[in-house]
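Please look over the sequence and the model below. A short report on selected features follows.

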Amino acid sequence: MPASDLRSWLDLLRREGELVEIDAEVDPYLEVTEIVDRTVKSGGPALLFTNPRGSEHPLLVNQFGTERRMALAFGVEELDDLGRRVADVLELQPPQGLVEKVKGLGKLKQLADSMPKTVSRGACQEVVLEPNLDLLPIQHCWPGDPAPFLTLPAVITRDPRTGQRNVGMYRMQKIDARTTFMHWQIHKDGAADWRGMGDRLDVAVALGCDPITTYSASAPLPKHIDELMLAGFFRGEPVELVGAKTVDLEVPANAEIVLEGYIEQGELGTEGPFGDHTGYYSPEEPFPIFHLTAMTMRRDAIYPSIVVGAPPQEDAWLGKATERIFLPAVRMTVPEIVDYDLPVAGAFHNCVIVSIRKAFPGHARKVMNAIWGLGMLSLSKSVVVVDEWVDVHDYEQVFFAVGANVDPKRDVVLGEGPLDQLDHAAAAFCYGGKIGIDATHKLEAEGGRPWPERIEMSAEVRELVDRRWTEYGLAGDASANGRARGRMRRKLRL
Ligand SMILES: Cc1cc2nc3c(=O)[nH]c(=O)nc-3n(C[C@H](O)[C@H](O)[C@H](O)COP(=O)(O)O)c2cc1C
């Protein structure tokens, strides 16, 4: 069972040797960032700074910073298991026979149990305070940042028209002890709630939930799907909610800290710059101002944070979880997709590599256009399409396919469309060029000359060598190629 709150998550990390507690006094102004940056890049542990300068609250960073910890957070062996669990539900067919009926009922119950549940009391309200952000060890991450930023919040709003809840992760620049900016970008659901608001929009911010609930704030779900339901699905139990004290919203009962408040119609200020996950400072821009009306917390609350900057950083693994979780949904819409990979170095919006079962002329272009029309993937700047036998996670194989199969004049598609708000290279604000590279084999109808046959060893000889490998006295139990093929087969089964 995944951890039910932040403290049981920390216990689990401790037991697994995945947490280091730092008792030395460390400054949340830049010093923590430098320590975290070095730790993340060396695949190091989660860090709990028990004595951050200027605050009584411990500061937790790098809780998600490796593939293993991200899998531990979800209680799975590997991140591919997340996609399998989603596929299991999405591909639910009318059951044949009693056994399948019972299994089907189990899955439906699992879905029903995912819905958040309202409870009367929550640990997050053990202490109720006048708002005072000065109490928290909020990190000032990079030298060019103008102020400290809350970087790992779950921001809760309701669509003013439908009442539907939204939970998103948007950085919050501290203005003073009672106000912050709210950096929801133009394409995000939080920004849509804000655009639809009347005079005032209630906002609540949960800090330090169980790891799955924290993750779910970053999940790019369609607007009408509650992120807390996704969290309940993966937790295996509903997220418990309590009514906020001063705003008309419910908040996760297990949060370490909750900030309550509101945004007023038309009130904007200049947010940023901020050292961002693009590896550059995102520029100053107008964003709304969040006024705090209350601050509630658990006793001895732990403050969570994340450092973003030039990749790879901790957020790489939140992104990889999203990539795996959403693969089945992407394949529901575009079933010819075998797998996809969003390289961490591509900051997630810069590049998508996708493998397809190619069946007709122009198939790769169809898939590019589908991706450019699909949820947040629509912001992808470049799409590389390869054949189903290419492992999209093996960038050497992808590079080989691009080099070997592309005639740049015929196979490169240039277009334009919406781009991520953080894309500093875009020609215009949130808008600019797109590139698609068709690195699949070419059919004659696509203007290809007769396509040569790929070199592949026969299955019998591969099996023979697998069987006899130890007899040869060579290291390891299989060749590198054998392992790569194994990875590929796993993906195809997903
Ligand atoms: C660490 C981290 C920080 C993020 N910061 C922001 C941000 O400041 N603004 C933003 O619009 N999206 C940010 N995102 C991405 C959003 O959380 C993500 O797009 C999410 O799906 C938004 O939810 P929504 O579509 O419900 O609005 C961040 C993601 C992570 C993992």
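Gly-17 follows helix α1 and has a positive phi, near 65°. Helices here are DSSP runs of H or I with at least four residues, and strands are runs of E with at least two, all numbered from the N terminus. This is a predicted model: local features need pLDDT of at least 70, side-chain atom pairs count only at pLDDT 80 or more, and totals for chains, interfaces and linings use all residues. Residues are numbered from 1 along each chain as its sequence is written, and side-chain values use heavy atoms, with hydrogens and water left out.

**Two helices with a buried side**

Helix α1 covers residues 6-15. Its buried residues are Leu-6, Trp-9, Leu-10, Leu-12 and Leu-13. They cover an arc of only 160° around the axis, so they sit on the same side of α1. Buried means under 20% relative accessible area, exposed means over 50%, and partly exposed lies in between (1.4 Å probe, protein chains only). The arc is taken from the directions that run from the helix axis to the C-beta atoms. Against what do the buried residues of α1 pack? Their partners are β1 (19-22), β2 (46-49), β3 (59-61), α3 (67-74) and α7 (211-216).

Helix α10 spans residues 363-371. Here His-363, Ala-364, Val-367, Met-368 and Ile-371 are buried. Their arc around the axis is only 145°, which puts them on the same side of α10. The buried residues of α10 pack against five strands by name: β19 (337-341), β20 (351-356), β21 (382-387), β22 (412-418) and β23 (431-438).

**Leu-48 in strand β2**

Leu-48 belongs to strand β2. Its relative accessible area is 4%, so Leu-48 is buried. Contact means heavy atoms within 4.5 Å. Beyond its neighbours within four places in sequence, Leu-48 is in contact with several residues, including Leu-10, Arg-14, Val-20, Leu-60 and Ile-302. Leu-48 and Pro-304 are 256 residues apart in sequence, and their C-alpha atoms are 9.1 Å apart in space.

**The ligand and its shell**

How many residues surround the ligand? The number is 20, and the closest are Asn-166, Met-169, Tyr-170, His-183 and Asp-189. A residue counts as near when one of its heavy atoms lies within 4 Å. Three residues pair polar atoms with ligand oxygen atoms, as tabulated here.

| Residue | Part of the residue | Distance to a ligand oxygen |
|---|---|---|
| Asn-166 | side-chain N or O atom | 2.8 Å |
| Met-169 | backbone N or O atom | 2.7 Å |
| Gly-190 | polar backbone atom | 3.2 Å |

Taken alone, the ligand exposes 630 Å², and the protein buries 87% of that. Accessible areas come from the Shrake-Rupley method with a 1.4 Å probe; for residues, only the protein chains shown count as cover. Two elements, β8 (165-168) and α6 (189-195), give two or more residues to the shell. Strand β8 gives the most, with three residues. By class, the shell has nine nonpolar, seven polar and four charged residues. Ala, Val, Leu, Ile, Met, Phe, Trp, Tyr, Cys and Pro count as nonpolar, Asp, Glu, Lys and Arg as charged, and the others, Gly among them, as polar.

**Glu-271 in strand β14**

Glu-271 is in strand β14 (residues 257-271). Is Glu-271 buried or exposed? At 0% relative accessibility, Glu-271 counts as buried. Its side chain makes a polar contact of 2.8 Å with the side chain of Arg-171. A polar contact is a pair of N or O atoms within 3.5 Å; within protein, one must be able to donate a hydrogen and the other to accept it, and residues adjacent in sequence count only if both atoms are side-chain atoms. Leaving aside neighbours within four places in sequence, the contacts of Glu-271 include Phe-149, Gln-173, His-183, Pro-283 and Phe-287.

**Backbone exceptions**

Most residues other than glycine have a negative phi, and most peptide bonds are trans. Leu-30 is not a glycine, yet its phi is positive, about 65°. Leu-30 lies in the loop between β1 and α2 (31-41). With a relative accessible area of 23%, Leu-30 is partly exposed. Asn-62 also has a positive phi, near 70°. Asn-62 sits in the loop between β3 and α3, and at 0% relative accessible area Asn-62 is buried.

A cis peptide bond joins Gly-272 and Pro-273, with omega about -5°. Pro-273 is in the loop between β14 and β15 (274-275). The bond from Pro-311 to Pro-312 is cis too, with omega near 5°. Pro-312 is in the loop between β18 (303-304) and α9 (315-333).
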